[in-house]
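Me: I should like a close look at a single part of this protein. Please take one strand of the sheet and describe its faces, its neighbours and its setting in one connected account.

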Amino acid sequence: MTLSDASAVMGAAVPLDPALLTRADRAELLRYMTMMRTAEERALSLYKQGKVPGSFYDGRGQEAISVGAAFALSPRDRLCILHRDLGAHFVRGVTPDRYLANYMGRAGGVTGGRDGNLHFGARELGCVGMVSMLPDMALVANGMALAMKMRGEPRVALTFFGDGSTANGQWHEAMNFAGVQRLPVVFVLENNHYAYSTPNELEFVVDPARRAEGYGFAGAEVDGNDVEAVFAAVHEAVERARAGGGPTLVECQTMRMHGHGAHDDMGYVPPELLAEWEARDPIQLYAARLIEEFGFAAEEVERIDAEVTAYVAACAERALASPLPEPGPALEGVFADRWEPLGDGAAPWSGWAEASAGAAVGAAVERRAA
Ligand SMILES: Cc1ncc(C[n+]2csc(CCOP(=O)(O)OP(=O)(O)O)c2C)c(N)n1
């Protein structure tokens with residue numbers, strides 16, 4: 001079964017070619033999900049200590065989506081990463097010290113202290129800076145995909161968004177344009193069942209994955225708490241886009257296990273619903289699966305957890321040691337200091353060094369290509 005038959009795949013898992021993921025890849029998938037959880041837990045505690053100004057947002061319970069999806073991309077692909085997708089930044093090579101320093105507004109943050117939140121990107125890693133207005137990152141991804149298509153480059157743009165985005169007018173324009181132009185773009189919908197306090201039933205009548213058919217491209221629905229299911233669906237979507245087959249909407253079913261932000265006690269979510277999803281925790285499920293299905297020893301899985309815990313603790317120390325920024329560079333990067341014509345292949349976004357992309361991305365994709 002392929003995703004190209006949108007109606008046939010609804011609710012069905014894409015079969016994963018076992019050769020696509022090696023044992024080392026599987027350990028990495030667990031490592032990156034654990035890294036996202038651990039770094040966000042640490043950031044939340046820094047927020048509670050008053051070290052993070054403003055607000056704090058995390059993606060607890062959704063780790064399998066950003067990690068699984070980012071793992072299916074090659075270094076030359078591009079990502080638009082939103083507020084619940086920290087795992088994608090990590091897979092691309094952003095490190096937890098830079099993430100934590102960013103939240104604290106320190107000079108060592110990804111934005112050098114310009115932003116004290118999650119509105120960052122890392123161009124050299126293929127991560128576009130986050131636009132907070134929803135769902136505008138879908139439009140940015142479309143723009144990049146259009147450029148890739150016009151240049152004849154076998155590259156793909158991927159964007160994440162939540163269920164709330166799918167009820168916004170710009171979202172429909174983005175889907176329509178992508179379908180009409182058959183853009184090499186992958187739309188990853190993280191359906192965590194709430195847009196702030198608005199539940200799915202007040203957001204839409206027809207499920208977004210089904211709506212993809214109306215825009216003329218494939219829609220798939222996967223278990224967003226199963227990292228390999230996400231990887232398989234996104235991998236197939238990426239292959240199709242790269243081969244000129246146009247967009248795919250991959251809807252990942254999951255649950256937002258924390259409030260919209262740290263300020264939100266989410267009293268509007270029924271506790272029994274949360275308990276149901278707690279039992280489907282993506283990290284615990286995958287750790288158990290590595291042992292039961294893929295022959296990992298319990299100690300190996302525990303070691304990954306211990307290594308990540310120690311690594312994130314060291315990263316937090318580095319972030320805390322980072323100074324607040326000097327005011328001088330605040331305006332750097334706001335206005336272009338020179339003008340150069342964007343010749344073919346010379347657009348700012350295509351000039352990153354491949355070698356600097358996250359080790360996991362390069363290694364996994366190159367192994368598969370070999
Ligand atoms: C146009 C716009 N309106 C409101 C907001 C404020 N806002 C940020 S995230 C969010 C909830 C979005 O819900 P959803 O798309 O389901 O994503 P989730 O936060 O659940 O992952 C809101 C209302 C925004 N960023 N942009």
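Reply: Both faces of β8 are covered in this predicted model. T248, V250 and C252 lie on one side of β8 and L249, E251 and Q253 on the other, and all of these residues are buried. The alternation follows a general pattern: in a regular strand the side chains alternate between the two faces of the sheet. Because six of the six residues of β8 are buried, this strand is largely enclosed by the rest of the structure.

The pairing of β8 may be taken one neighbour at a time. Towards β7 (residues 218–223), β8 pairs in the parallel sense over six bridges. Within this pairing, E221 stands opposite E251 of β8, and D223 has Q253 as its bridge partner. The chain passes from β7 to β8 through helix α9 (residues 227–242), and this β-α-β crossover is right-handed.

Towards β4, β8 (residues 248–253) is again joined by six bridges, and the two strands run parallel. Here E251 is the bridge partner of L189, while C252 stands opposite E190. E251 thus appears in both pairings, facing E221 of β7 and L189 of β4.

The neighbouring strand β4 can be described in similar terms. Seven of the seven residues of β4 (residues 185–191) are buried, so this strand is largely enclosed by the rest of the structure. V185, F187, L189 and N191 point one way from β4, whereas V186, V188 and E190 point the other way. Beyond β4 comes β3, which runs parallel to β4 and is joined to it by six bridges. G162 has E190 of β4 as its bridge partner. A right-handed β-α-β crossover takes the chain from β3 through helix α7 (residues 169–181) to β4. E190 therefore has two partners named here, because it is paired with G162 and also stands opposite C252 of β8.These strands belong to an open sheet of six strands in the order β2-β1-β3-β4-β8-β7, with parallel pairing. The edge strands are β2 (127–128) and β7, each of which pairs on one side only.

The ligand brings β3 into view once more. β3 (157–162) and β5 (194–195) each supply at least two residues of the shell around the ligand. Of the 16 residues around the ligand, L134, G162, G164, S165 and A195 come nearest. G162 is accordingly both among these nearest residues and the bridge partner of E190 in β4. By class, the shell comprises six nonpolar, six polar and four charged residues.

The wider setting can be given briefly. The protein has 13 helices and eight strands, and 48% of its 370 residues count as buried. Among the contacts in the protein with a separation of 6 or more, 77% are between residues 24 or more positions apart. Away from the strands discussed above, helix α2 (residues 23–48) has end C-alpha atoms 38 Å apart, which agrees with the 38 Å that its 26 residues should span at 1.5 Å a residue. α2 is followed by G50, whose phi is positive, near 80°.

Conventions
Residues numbered from 1 in each chain as written. Predicted model: local features only at pLDDT ≥ 70, side-chain atom pairs only at ≥ 80, totals over all residues. Near = placed C-beta within 6 Å. Helix = DSSP H or I, 4+ residues; strand = E, 2+ residues; numbered from the N terminus. Nonpolar A, V, L, I, M, F, W, Y, C, P; charged D, E, K, R; others polar. Buried ≥ 20, exposed ≤ 12 C-beta atoms within 10 Å, placed from the backbone. Pairing = 2+ DSSP bridges. Right-handed = clockwise from strand over helix to strand, strands pointing away. Expected span 1.5 Å × (residues − 1). Contact = placed C-beta atoms within 7 Å.
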